[in-house]
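Hi,

Here is the structure I said I'd send over. Have a look at it first, and then read on for my notes.

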Amino acid sequence: PPAPVSLGRTVCYVVMAVLFNEEGAVLLVQEAKPECRGRWYLPAGRMEPGEGVVEALRREVKEESGLECEPITLLALEERGPAWIRFAFLARPAGGTLKTLEEADAESLQATWWSGDPRELPLRSLDILPVLDLATRYRQSPPHPPTLPRELPCAPLCLRLLLPFTNAAGDLWVLLGTAGTPHLPVVACGTSPPELHGGLCLPVLRLLRDCLSWDPHSGTLGLLGVQHRAGGPGGADGICFNVVLSIPPSTHGDVPPELSDPTLRWWHVEEEGLRGRILQRLQATVPI
C-alpha cells in the first residue's frame, strides 16, 4: 500500500471558483501578490492541511472577494499528477459584499462583477478562459450531473477505475477486481518519480498494460466523482478519484480481451436498467 499523502509536503491541491450574478457577470478579483499585483483572476488558492475541498473553496472566495458562496458542481479537474491538482467549481453567491480597494489586504486588492470580455482586462493568466467557457456551457446545458466531493476518508491518492467494454451489438462488460467482494479496480498514484508530475492517466495505463493484451492508450479519462475527508486516517489528505476510461466500441472485437491478472475479471452487465445507466453516465463526466 502507498504511503499516506500530506498537503504541502507530498501533494498540492488548489481550488478555483466561477460565480455569476443575476445579470450574467462573472466574479473577478484583483491580485495583491507582488508577482502579479494589479492583474485579474478568478478566486483561487491552495487548500490548507486539515481542510475539506468545499471548505477551502468557500474560504478562498470569502478571503479574495468578500462574498459567501455555495458550490454547484465541479467543472473540471486540472492536474499535473499528484504534485499539483486543481478543482475548478461553478458556484453561486450566497451573501456578503464585494471587497473594495479600501479593504485591500494580502489576499486581494478588490473584487468586481465583470460583464465584458475578460481578455479586455490585464489577466494574471489566460488559463481561466477555458474554465469560464466550461462554466458558460454548463449554465446553458449541463453536460454532466452536479458533481461535488463526497466526505469519505482516503489515506493515499488513488483512482477507482470504471473500464467499460462494448461491442457493435451493444453488449457491455465492466472490469472488476475479485479479491474479496467484487469491486472496481483501484490503483495508487505517484508510486514512482515519473508519475509524480506525469498526469493521473499514467497509473491507470500502468494497471491496464499489466493485465490486458492490448494498449488502451487512445482512451479518454473522465471524472465521475471525488471522495475526500479532511484529517483522514492518520491525518492524511488522500483523495480517491472515481474515473472512467472510455474506449471506442468495437475497437478490439466482439468480446473483451483476455486478462493476465487472476484478481481481475470482466463482468457482463445483463440487467437492462443498470446497463443503460452506465452507458449514459459514460457520456457525462467531468473533464480531466
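Below is what I found, going from the domains to the core, the cysteines and a few single residues.

Before anything else, keep in mind that this is a predicted model.

**Domains**

The protein chain is assigned two stretches: domain 1 covers 12-140 and domain 2 covers 149-287. Their centres, taken over C-alpha atoms, sit 30 Å apart. On the domain 1 side 20 residues take part in the contact, and on the domain 2 side 21 residues do. Putting the two together buries about 1500 Å², and carbon and sulfur atoms supply 75% of that area. If you want to look at the domain 1 face, start with Tyr13, Leu77 and Pro82: these lose the most area to domain 2, and together they make up 33% of what that side buries.

**Cores**

Which residues have the most contacts inside the largest nonpolar core? They are Tyr13, Phe87, Leu157, Leu208 and Phe241, in a core of 48 residues. Both domains feed into this core, with at least three residues coming from each of domain 1 (12-140) and domain 2 (149-287). A second core, apart from that one, has 19 residues, including Met16, Val18, Leu121 and Tyr138. As background, nonpolar side chains in soluble globular proteins tend to be buried together.

Phe241 is a good place to zoom in. Not counting neighbours within four places in sequence, phenylalanine 241 touches Leu77, Ile85, Phe87, Leu157, Cys158, Leu159, Arg160, Leu200, Leu223, Gly225 and Val226. You'll recognise Leu77 from the domain 1 face, and Phe87 and Leu157 from the list of core residues with the most contacts.

**Cysteines**

How many disulfides are there? The count is zero. Take cysteine 158: the closest cysteine sulfur belongs to cysteine 154 and is 3.6 Å away, so it is too far for a bond, given a cut-off of 2.5 Å. Cysteine 158 is buried, at 6% relative accessible area. For cysteine 201, the closest cysteine sulfur is in cysteine 189, 10 Å off, and that is too far for a bond as well. Cysteine 201 is partly exposed, with a relative accessibility of 25%.

**A few single residues**

Glutamine 110 is part of strand S7 (residues 110-114). Its side chain makes a polar contact of 2.7 Å with the side chain of glutamine 30. Leaving out neighbours within four places in sequence, the residues in contact with glutamine 110 include Leu28, Val29, Gln30, Trp40 and Glu64. Lys99, Thr100 and Leu101 are also among them.

Is alanine 44 buried or exposed? Alanine 44 counts as buried because its relative accessibility is 9%, and the cut-off for buried is under 20%. This alanine belongs to strand S4 (residues 44-46). Beyond neighbours within four places in sequence, alanine 44 is in contact with Val15, Met16, Glu60 and Glu64. Met16 belongs to the 19-residue core, and Glu64 also contacts glutamine 110. Alanine 56 is 12 residues from alanine 44 in sequence, with 9.4 Å between their C-alpha atoms.

Finally, threonine 191 is in the loop that runs between strand S11 (186-188) and helix H3 (193-196). Threonine 191 is partly exposed, at 48% relative accessibility. Along the chain it is 34 residues from leucine 157, and their C-alpha atoms are 9.7 Å apart.

Cheers

Terms used. Residues are numbered from 1 along each chain as its sequence is written. This is a predicted model: local features need pLDDT of at least 70, side-chain atom pairs count only at pLDDT 80 or more; totals for chains, interfaces and linings use all residues. Side-chain values use heavy atoms; hydrogens and water are left out. Buried means under 20% relative accessible area, exposed over 50%, partly exposed in between (1.4 Å probe, protein chains only). A nonpolar core is a set of buried Ala, Val, Leu, Ile, Met, Phe, Trp, Tyr and Cys residues joined through side-chain atoms within 4.5 Å. Domain bounds come from an automatic or database domain assignment. Contact means heavy atoms within 4.5 Å. Helices (H or I, at least four residues) and strands (E, at least two) are DSSP runs, numbered from the N terminus. A polar contact is a pair of N or O atoms within 3.5 Å; within protein, one must be able to donate a hydrogen and the other to accept it, and residues adjacent in sequence count only if both atoms are side-chain atoms. Buried area is the accessible area (1.4 Å probe) that two parts lose on being put together, summed over both.
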